[in-house]
Amino acid sequence: CDMKAIYELSQRYGFAIIEDAAHAIGAQYQGQPIGNGQYSDITVFSFHPVKIITTAEGGVATTNQPGLAEKMQLLRSHGVTREPHLMKDCPSVDSERGAWFYQQVDLGFNYRMTELQAALGLSQLNRLKEFIDKRHQLAETYHQALQDCPLILPFQVEGRRSSYHLFPIQVVSSRISRHELFDRLRAKGLGVNVHYIPVHTQPYYQACGFSVGDFPVAEAYYQKAISIPLHQGMTLADQTTVIEAIKESLL
C-alpha cells in the first residue's frame, strides 16, 4: 500500500489508520520497518503458526500513541486495571483501597498472551532478519528459475521490501488452468495453496450487500493464483523439487 498517501488523506479528512500487517513483519516501507507508526495509528501483526514468526497463535498490535497503548492494554484484560490514574471515583464496598484493589472500567476481553507464548515469539524475533534474508534468497531463486514459464511472479515496488510471507504465482498458460496446475502439484505432494478467496464473495459479506463482480480485479487475481512453498526452513533440494514439479506440470 502507498501508506504515505493514505496517511496524508487521514490528516486531511480526520480518520484513524489501523494497518493490517498480518503478513508483513520484517518488511520495510521507504527504508523503515513496518509497524514503526510513522503512517498509521495502530499496526497489527499475526503470529499464527504459519506466519514468519509464531507464538503458536495470536499476534501483537503496535502504536506510538500512549493513549492507544493504554486503551489496548486495558481491553486485552477484561477492561480491568490496577492503575490508580485509570480508576473511577464511584461508590465501593471498600472503605479504603488495599494492594489487592482493582476496577473493571471497561468491557474488555481476554486477549492476554501467556509467558510461554511470549518466550516462543521473542526467541524467533531475535532471528527475524535471518528469516527475512532467507526468504529473499528463496524468492530470487524462484524468480530466476520460473521467469520463462507462463506465470506472473510477485514483484516489489521501489521503496518497499517484502517479507515474502507468501510467494503467489499467477497462471497465465493457455494450456493449463490454475485448478489443473494446483491439482497436479498437490498430486506430487507439494503443499501449494490459494491465498485468498475474495472476502466479498463469502456468505457473510454477501448478506451484508456485497456481490460477486463488485471487485473484478480481486476476482481475476484469485482465479489465477497459487501460493507455492516458501519458508525459512526450505533447503536448496526442497526448492529444486518444487521448481521441477512446476515446470513438469506446466508441460
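## Strands E4, E5 and E1

E4 and E5 are paired in the antiparallel sense, with four bridges between them, in what is a predicted model throughout. Within this pairing, Ser-46 has Gly-59 of E5 as its bridge partner. On the E1 side the sense of pairing is parallel, with three bridges that join E1 to E4, and here Asp-20 stands opposite Val-44 in E4.

How many of the five residues of E4 are buried? Four of them are, so E4 is largely enclosed by the rest of the structure. As general background to these pairings, strands of a sheet pair through backbone hydrogen bonds, either parallel or antiparallel.

## The second largest pocket

Strands E4 (42-46) and E5 (59-62) appear again where open space is concerned, since the second largest pocket holds about 670 Å³ of space. Its lining is made up of 20 residues, and those closest to the centre of the pocket are Gly-59, Val-60, Ala-61, Arg-76 and Tyr-111. Two or more lining residues are given by each of strand E4 (42-46), strand E5 (59-62) and helix H2 (66-75).

Among the contributing elements, H2 gives the most to this lining, with five residues. Sorted by class, the lining of the second largest pocket has 10 nonpolar, six polar and four charged residues. Gly-59 thus has two roles in this part of the model, as the bridge partner of Ser-46 and as one of the residues closest to the centre of the second largest pocket.

## The largest pocket

The largest pocket contains about 1,400 Å³ of space. It is lined by 33 residues, of which Cys-1, His-23, Ala-24, Ser-162 and Ser-163 are the closest to its centre. The elements that give two or more residues to this lining are helix H1 (3-13) and the strands E1 (18-20), E2 (28-29), E9 (160-161) and E10 (168-171).

By class, the residues of this lining divide into 20 nonpolar, nine polar and four charged. Which domains does the lining of the largest pocket draw on? At least three residues come from each of domain 1 (1-46 + 59-112) and domain 2 (129-250).

## Two open sheets of three strands

One open sheet has three strands in the order E3-E2-E9, with antiparallel pairing. Strand E3 (32-33) and E9 stand at its edges, where each has a single partner strand, so one side of each is left without a neighbour in the sheet. E2 and E9 run antiparallel and are joined by two bridges, and the bridge partner of Gln-28 in E9 is Arg-161. Both E2 and E9 are also among the elements that give two or more residues to the lining of the largest pocket.

A further open sheet of three strands has the order E8-E10-E11, again with antiparallel pairing. Here strand E8 (151-152) and strand E11 (225-227) are the edge strands, each with a single partner strand, so one side of each is left without a neighbour in the sheet. Two bridges join E8 to E10 in the antiparallel sense, and Leu-151 has Val-171 as its bridge partner in E10.

## Helices H5 and H8

Helix H5 (residues 178-187) has Arg-178, Leu-181, Phe-182 and Leu-185 as its buried residues. Seen down the axis of H5, these buried residues fall within an arc of 100°, so they line one face of the helix. The face of H5 turned away from this buried side carries the exposed residues His-179 and Ala-187.

Leu-250 has its place in helix H8 (residues 236-250). Is Leu-250 buried or exposed? With a relative accessible area of 7%, Leu-250 is buried. Val-171, the bridge partner of Leu-151, is 79 residues from Leu-250 in sequence, and in space the two are 9.4 Å apart, C-alpha to C-alpha.

## The enclosed cavity

Besides its pockets, the structure holds one cavity of 30 Å³ or more, and about 110 Å³ of space lies in the largest cavity. The lining of this cavity comprises 13 residues, of which Glu-19, Tyr-29, Ile-34, Asn-36 and Tyr-39 lie nearest the centre. By class, the lining has five nonpolar, seven polar and one charged residues.

Conventions. Residues are numbered from 1 along each chain as its sequence is written. This is a predicted model: local features need pLDDT of at least 70, side-chain atom pairs count only at pLDDT 80 or more; totals for chains, interfaces and linings use all residues. Side-chain values use heavy atoms; hydrogens and water are left out. On a 1 Å grid over the protein atoms alone, a cavity is a set of points where a 1.4 Å probe fits but cannot get out, and a pocket is an open set with protein on both sides within 12 Å along at least five of seven lines; lining residues have an atom within 4 Å of a point. Grid points are joined across faces, edges and corners, and a volume is the space filled by probe spheres set on the points. Ala, Val, Leu, Ile, Met, Phe, Trp, Tyr, Cys and Pro count as nonpolar, Asp, Glu, Lys and Arg as charged, and the others, Gly among them, as polar. Domain bounds come from an automatic or database domain assignment. Two strands pair if DSSP finds at least two bridges between them. Buried means under 20% relative accessible area, exposed over 50%, partly exposed in between (1.4 Å probe, protein chains only). The arc is that of the directions from the helix axis to the C-beta atoms.
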